[in-house]
Amino acid sequence: MRLRPRAQLRSSNIRRSFADPRAADASNPSYVEWLKRQSMLGDADILGRGLSGQPSMWRNPYARPDARRAIRTASVWFTAYPISLITRPGESFLGALGDEQLWRAFQRIGIHAVHTGPVKLAGGISGWAHTASVDGHFDRISTQIDPAFGTEDEFRTLTDVADQHGGSVIDDIVPGHTGKGADFRLAEMAYKDYPGIYHMVEIPEEDWGLLPDVPDGRDAVNLDTESEQKLAENGYIIGRLQRVIFFAPGIKETNWSATGQVKGVDGRTRRWVYLHYFKQGQPSINWLDPTFAGMRLVIGDALHSLGDLGTSALRLDANGFLGVEKSAEGPAWSEGHPLSEAANHLIASMVRKVGGFSFQELNLTMEDIRDTGRVGADLSYDFINRPAYQHALATGDTEFLRLTLRTSLEVGVEPAMLVHALQNHDELTYELVHWATEHHADLYPFRGGEVTGAELAETIRQDLLDRLTGDSADYNLVFTTNGIACTTASVIAATQGHATLDAIGPEHVADIQRAHLLLAKFNAWQPGVFALSAWDLLGLLPLRADDVDVLVEGGDTRWVERGAHDLLDVNPDAVSSSSGVPRGRSLYGSLPRQLRERGSFVQQLRTVLRVRERFDIAVGTQIDVPDVAHPGMLVMVHRLDGGDAGVDARIQITVLNFTAQPVQGTVRSESLVPRRAVRDAESGDLIGQVDDLLSFAVELGAYEGRFLVVDAEPVAEAAEGDA
């Protein structure tokens with residue numbers, strides 16, 4: 001049951017953009033009070049008091065993650081991106097997402113949940129004015145819904161409509177940072193507990209010479225490595241971290257920035273240095289400050305989404321960076337820190353305590369994902385296999401994909417713990433953290449020899465760059481050191497030899513669609529959640545960089561992959577979303593059109609998802625990823641046991657061909673039983689029989705995938721004299 005405490009939060013308009021004659025600093029009590037009314041910490045205190053001591057807080061188990069309980073709530077997700085959805089004229093994003101027609105379409109396709117993406121106010125506050133988001137609304141500054149996306153009532157309507165169609169709504173929280181909103185501005189003023197929200201350090205005036213000057217029109221400046229080292233040597237900060245995410249020369253060279261001079265509520269003028277793992281406008285939250293202000297802020301935001309808005313689950317964004325400490329030698333310990341595990345345990349436990357579940361985006365080592373998953377979020381985004389299946393498609397060789405799948409099983413990260421996704425709003429991440437960091441010196445078999453983890457990561461990155469970008473495909477763009485900005489359709493187009501967007505014609509759509517369905521089968525025909533986006537459903541290609549030049553000029557090339565789209569064809573004349581994102585080119589057409597057309601991508605996807613649901617593979621157990629007879633083949637063997645190893649369960653085999661040519665091969669696994677018939681679940685056709693060598697033959701067309709099931713009983717012996 002939803003909590004819906006309906007705490008009376010402030011209704012002041014944060015978008016106060018007019019010129020206010022009063023001072024926008026700590027000398028003006030009205031300004032300080034205005035900031036307090038906007039603050040997330042202030043809202044968290046109100047929400048906490050409303051729920052504390054209530055019986056609703058004791059109705060659910062919460063200590064241990066339960067991936068399969070979460071999957072049974074919703075196993076197929078649609079991931080939305082608010083600023084890219086084209087709506088009816090005058091209709092909001094949340095209004096469109098709560099459309100009955102859309103949910104009827106989702107129900108027909110087999111989609112059980114919608115992940116809204118970040119819809120709360122984001123960006124910052126400068127003076128009396130609101131400033132724009134610097135990271136696609138992942139720099140949250142309020143519990144209020146951004147009016148650009150709708151209202152709280154529209155959000156509640158969305159959750160009600162989803163419930164009527166047997167669906168759920170998933171929201172986001174950002175436990176690692178905020179934007180530079182009211183909370184950060186109050187922290188700069190040294191107001192009460194607010195500095196305790198962040199990793200920020202006051203630098204005494206006598207040492208301001210260690211800080212760089214802040215240019216006019218800016219409120220902070222990134223430290224260069226020399227300034228970072230000097231401040232660390234003087235004991236002010238912990239210094240260099242393990243890596244600099246979004247590194248860009250002259251823009252972000254370290255993870256630390258210095259503020260300008262800020263007058264405090266006590267009349268003193270201060271300068272601060274603050275940590276930001278990501279962009280300068282995303283100050284990092286301190287999870288171990290004596291005030292526990294950061295923890296209170298994050299938990300309050302989570303309770304608002306689950307309780308007041310009525311969501312069923314939360315995505316924990318960038319939650320692997322919640323603990324940091326000084327090291328005796330080398331960079332500070334900033335990844336895989338025990339405090340991150342403890343903080344995630346607290347967040348996820350609170351979510352479960354009020355009846356929800358959570359999933360995390362943790363792009364760290366497999367051990368980190370395993371350890372956090374033992375106490376933290378119920379599910380984790382699959383950063384392990386996503387670059388590997390893209391690599392398999394790009395090279396026509398599944399060797400690295402088989403290695404990632406096997407290593408994951410060996411480490412203890414079973415597929416049922418993961419959210420297996422096609423495209424989302426981020427780049428195709430190829431950091432390959434597991435191989436490049438903790439296991440950089442370990443040896444792995446690859447291409448007939450042995451290579452270190454570091455060499456393996458570099459080889460895979462270069463393969464992807466060579467085949468998916470540059471002369472191979474000028475529309476897929478490199479994004480800093482993190483990955484490649486692309487859509488699923490554009491990855492496929494590159495592997496099929498289309499060097500430019502203009503080279504992709506109507507005659508090529510069928511081949512792109514066939515490979516797209518193969519990737520859907522890989523993700524859907526294994527245990528865990530299957531997630532896909534509108535860019536997948538409609539087969540969108542990237543935008544041209546010139547069409548979003550203002551957005552990409554700072555180096556964030558991901559904007560080319562976030563083209564606007566019209567799911568229901570409600571505004572066919574629109575050239576952009578209401579947020580100004582240009583319309584992308586769709587290869588497959590709108591949902592209503594595809595649901596009318598036999599053989600469309602969505603119609604074939606429906607079949608894929610019906611098979612997934614019929615055999616309940618989402619909560620099964622992966623038991624083997626055997627060697628293959630052809631390098632382009634992949635075989636995954638599962639028990640359809642609902643996660644209970646003690647039951648007598650049928651064996652299922654997912655067989656995939658990652659090449660554009662037909663292949664013949666033999667499937668062999670120690671998990672098979674001799675003299676059992678093997679059948680195709682889609683057609684019901686008999687494929688063959690497991691022989692005494694625990695194998696059977698199979699044929700696959702170009703980009704074909706087959707969902708095979710093994711009979712529970714042995715094949716009957718032929719009567720004497722029968723043919």
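This passage describes helix packing, strand pairing, nonpolar cores and aromatic contacts in a predicted model.

Helix 6, which spans residues 152-164 and comprises 13 residues, extends 19 Å from its first C-alpha to its last, close to the 18 Å expected at 1.5 Å a residue. Within helix 6, the residues Phe 155, Arg 156, Leu 158, Thr 159, Val 161 and Ala 162 are buried. An α-helix has 3.6 residues a turn, so residues three or four places apart point the same way. The buried residues of helix 6 pack against three helices and two strands, namely helix 4 (93-97), helix 5 (100-109), helix 9 (293-308), strand 6 (140-145) and strand 7 (168-173). Just after helix 6, a positive phi of about 70° is adopted by Gly 166.

Strand 7, one of the elements against which helix 6 packs, is itself mostly covered, six of its six residues being buried. In a regular strand the side chains alternate between the two faces of the sheet. Both faces of strand 7 are covered, with Ser 168, Ile 170 and Asp 172 buried on one side and Val 169, Asp 171 and Ile 173 buried on the other. Strand 7 pairs in the parallel sense with strand 2 (residues 113-115) over three bridges, and Val 169 of strand 7 is the bridge partner of Val 114. A parallel pairing is also formed between strand 7 and strand 13 (residues 313-316), here over four bridges, with Ile 173 standing opposite Leu 316 of strand 13.

A separate description applies to an open sheet of three strands, arranged in the order 17-21-20 with antiparallel pairing. Its edges are formed by strand 17 (428-429) and strand 20 (477-479), each of which pairs on one side only. Strand 17 is joined to strand 21 (residues 483-485) by two bridges, the two strands running antiparallel, and Leu 428 stands opposite Ile 484 in strand 21.

In soluble globular proteins, nonpolar side chains tend to be buried together. The largest nonpolar core of the model contains 141 residues, of which Phe 78, Leu 591, Leu 605 and Phe 658 touch the most other members. Helix 17 gives the most to this core, contributing nine residues. When residues up to four places away in sequence are not counted, Leu 605 touches Ile 109, Leu 517, Ala 520, Phe 530, Leu 532 and Leu 537. Another core, of 44 residues, lies apart from the largest one and includes Leu 41, Trp 128, Phe 184 and Trp 272.

The aromatic pairs in the model number 24. One of them is formed by Tyr 381 and Phe 383, whose arrangement is tilted, with 4.9 Å centre to centre and 55° between the planes. Tyr 381 is buried, with a relative accessible area of 4%, and Phe 383 likewise counts as buried because its relative accessible area is 17%, whereas the cut-off for burial is under 20%. The rings of Tyr 389 and Phe 522 have their centres 5.3 Å apart and their planes at 55°, so this pair is tilted as well. The pair links distant parts of the chain, since Tyr 389 belongs to helix 12 (residues 386-395) and Phe 522 to helix 17 (residues 509-524), with their positions 133 residues apart in sequence. Tyr 389 and Phe 522 are both buried. Elsewhere, ring pairs link Phe 246, Tyr 277, Phe 278, Phe 321 and Phe 479 into a cluster.

Aromatic rings also lie beneath charged groups: the charged end of Lys 353 sits over the ring of Trp 58 at 3.7 Å from its centre, and that of Arg 562 sits over the ring of Trp 559 at 4.6 Å from its centre. Trp 559 is also in contact with Leu 551, which, leaving aside neighbours within four places in sequence, contacts Asp 556 too. Leu 551 lies in helix 19 (residues 549-552) and is partly exposed, with a relative accessible area of 38%. The C-alpha atoms of Leu 551 and Val 581 are separated by 9.8 Å, although these residues are 30 residues apart along the chain.

Leu 346, in helix 10 (residues 338-353), is likewise partly exposed, its relative accessible area being 45%. With neighbours within four places in sequence left aside, Leu 346 is in contact with Met 295 and Ile 299. Leu 346 and Gly 376, 30 residues apart in sequence, lie 7.5 Å apart in space, C-alpha to C-alpha.

Terms used: Residues numbered from 1 in each chain as written. Predicted model: local features only at pLDDT ≥ 70, side-chain atom pairs only at ≥ 80, totals over all residues. Heavy atoms only, no water. Expected span 1.5 Å × (residues − 1). Buried < 20%, exposed > 50% of the residue type's maximum accessible area, 1.4 Å probe, protein only. Contact = heavy atoms within 4.5 Å. Phe/Tyr/Trp six-rings, centres within 6.5 Å; stacked < 30°, edge-to-face > 60°. Lys NZ or Arg CZ within 6 Å of the ring centre and 35° of its normal. Pairing = 2+ DSSP bridges. Core = buried A, V, L, I, M, F, W, Y, C linked by side-chain atoms within 4.5 Å.
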